[in-house]
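Visitor: Got a minute? I'd like to go through this structure with you.
Guide: Sure, let's pull it up.

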Amino acid sequence: KRPVGVPDKSLARKVTKVGIIGAGLMASQLALLFLRRLQVPVVLTDLDQERVDKGVGYVHAEIDKLVAKKRMDEGTAAKLRLLVSGSVDKSVFADADFVIEAVFENLDLKKQIWAEFEKIVKPEAILATNTSSLSITEMAADLEHPERLVGFHFFNPVAVLPLLEIIRGEKTDDATLATAFEVGKTLKKSSVLVKDAPAFVVNRLLTRVTSEIFQAVDAGTPLDVVNVAMDPLGLPMRPIALLQLVGPAVAYHVGETLHAAFPDRYVDSPNLKRIVDSKLPVMVDKEINPEVI
Ligand code: CAA
């Protein structure tokens with residue numbers, strides 16, 4: 001049964017090539033997922049060749065691991081290795097039908113990127129953003145074709161977590177939304193249509209947890225104490241380990257969006273800011289890094 005608000009799949013466009021903007025933590029995981037599930041050419045781009053090579057290198061290494069674990073046969077692996085590529089030359093996106101962006105969580109940067117890519121990609125290409133918190137409507141505001149931008153938000157680790165938040169902006173059209181849901185199905189994710197509201201659904205909850213924890217830290221409870229204090233809740237991962245997995249800077253920027261929207265509920269923690277500015281890992285060998293305490 002089709003969920004409420006999801007257009008008929010007959011409106012979905014065919015996806016025969018995927019473009020990924022960014023080659024970092026999320027982007028390279030997305031490249032692997034699209035490659036495995038869609039088995040179409042996937043191209044990555046980033047600011048410089050070193051980043052691009054790192055992203056493609058990650059995909060190759062993960063394919064090797066899957067083969068070693070006997071979860072992928074060598075024939076499929078050989079085919080997928082040929083389908084993934086990276087380039088700093090953005091013209092390779094010209095024939096992509098589905099372009100997903102997973103860059104730094106900053107609205108101006110994302111708007112600038114879409115303005116640039118809109119001139120490169122074909123008119124019917126779907127533009128998807130993996131933003132964790134930013135407004136899809138605002139991100140699309142200056143586009144020539146705002147109707148083809150859609151929120152397409154994954155969770156880390158992408159290979160394991162089944163949820164996909166799909167977000168319709170004010171101008172997103174039915175064909176774009178239908179394609180997003182069909183792609184979500186091919187990726188074997190559980191797609192949910194969520195409102196274009198600050199940080200959508202899941203990050204509102206996760207950020208609220210982080211926000212409360214850092215209020216306790218700001219009030220004087222040591223970070224290593226709050227880290228273990230959550231154990232009785234039986235979460236799959238301690239919240240500070242999760243902060244490390246997501247990246248403190250990403251979590252901080254999501255927090256900024258939520259703090260601006262709901263200042264009474266989400267604090268702007270000086271201790272979290274200090275950790276982000278230090279660029280040090282919060283966790284080392286499953287313990288809080290003594291350098292950040
Ligand atoms: N990439 C690929 N596979 C991974 C992986 C990764 N980074 N991390 C773990 N896995 C796989 C393992 O290979 C293993 O697979 P098999 O069982 O098939 O061998 C499986 O996941 C379980 O891993 P482990 O046994 O090592 O460890 P675990 O049982 O503790 O699970 C976890 C690890 C899946 C990460 C789990 O701790 C978990 O779900 N943590 C919570 C993660 C979470 O909440 N993420 C959301 C973050 S918010 C976000 O991403 C959105 C945002 O916008 C900021």
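Guide: Here is a chat about the domains, the ligand shell and the sheet.

Visitor: What kind of model is this, before I trust any detail?
Guide: This is a predicted model: local features need pLDDT of at least 70, side-chain atom pairs count only at pLDDT 80 or more, and totals for chains, interfaces and linings use all residues. Residues are numbered from 1 along each chain as its sequence is written.

Visitor: OK, how is the protein divided?
Guide: Into domain 1 (9-194) and domain 2 (203-281), with bounds from an automatic or database domain assignment. Their C-alpha centres lie 27 Å apart.

Visitor: And how many residues are in contact between domain 1 and domain 2?
Guide: Six residues of domain 1 are in contact with nine residues of domain 2, where contact means C-beta atoms, placed from the backbone, within 7 Å. On the domain 1 side, that's two nonpolar, three polar and one charged. Here Ala, Val, Leu, Ile, Met, Phe, Trp, Tyr, Cys and Pro count as nonpolar, Asp, Glu, Lys and Arg as charged, and the others, Gly among them, as polar.

Visitor: Switching topic: which residues are closest to the ligand?
Guide: S132, N156, P157, P236 and M237, out of 14 that surround the ligand. A residue is near if its C-beta atom, placed from the backbone, lies within 6 Å.

Visitor: Which elements give two or more residues to that shell?
Guide: Helix 7 (202-218) and helix 9 (239-246). Helices (H or I, at least four residues) and strands (E, at least two) are DSSP runs, numbered from the N terminus. The shell also draws at least three residues from each of domain 1 and domain 2.

Visitor: And by class, what's in the shell around the ligand?
Guide: 11 nonpolar, three polar and no charged residues.

Visitor: Now the sheet. What's the strand order?
Guide: The order is 3-2-1-4-5-6-7-8, eight strands in an open sheet with mixed pairing; strands pair if DSSP finds at least two bridges between them.

Visitor: Which strands stand at the edges?
Guide: Strand 3 (84-86) and strand 8 (190-194); each has a single partner strand, so one side of each is left without a neighbour in the sheet.

Visitor: How many bridges join strand 7 to strand 8?
Guide: Five, and strand 7 (residues 163-168) runs parallel to strand 8. As an example, L164 has S191 as its bridge partner in strand 8.

How values were computed. Two residues are in contact if their C-beta atoms, placed from the backbone, lie within 7 Å.
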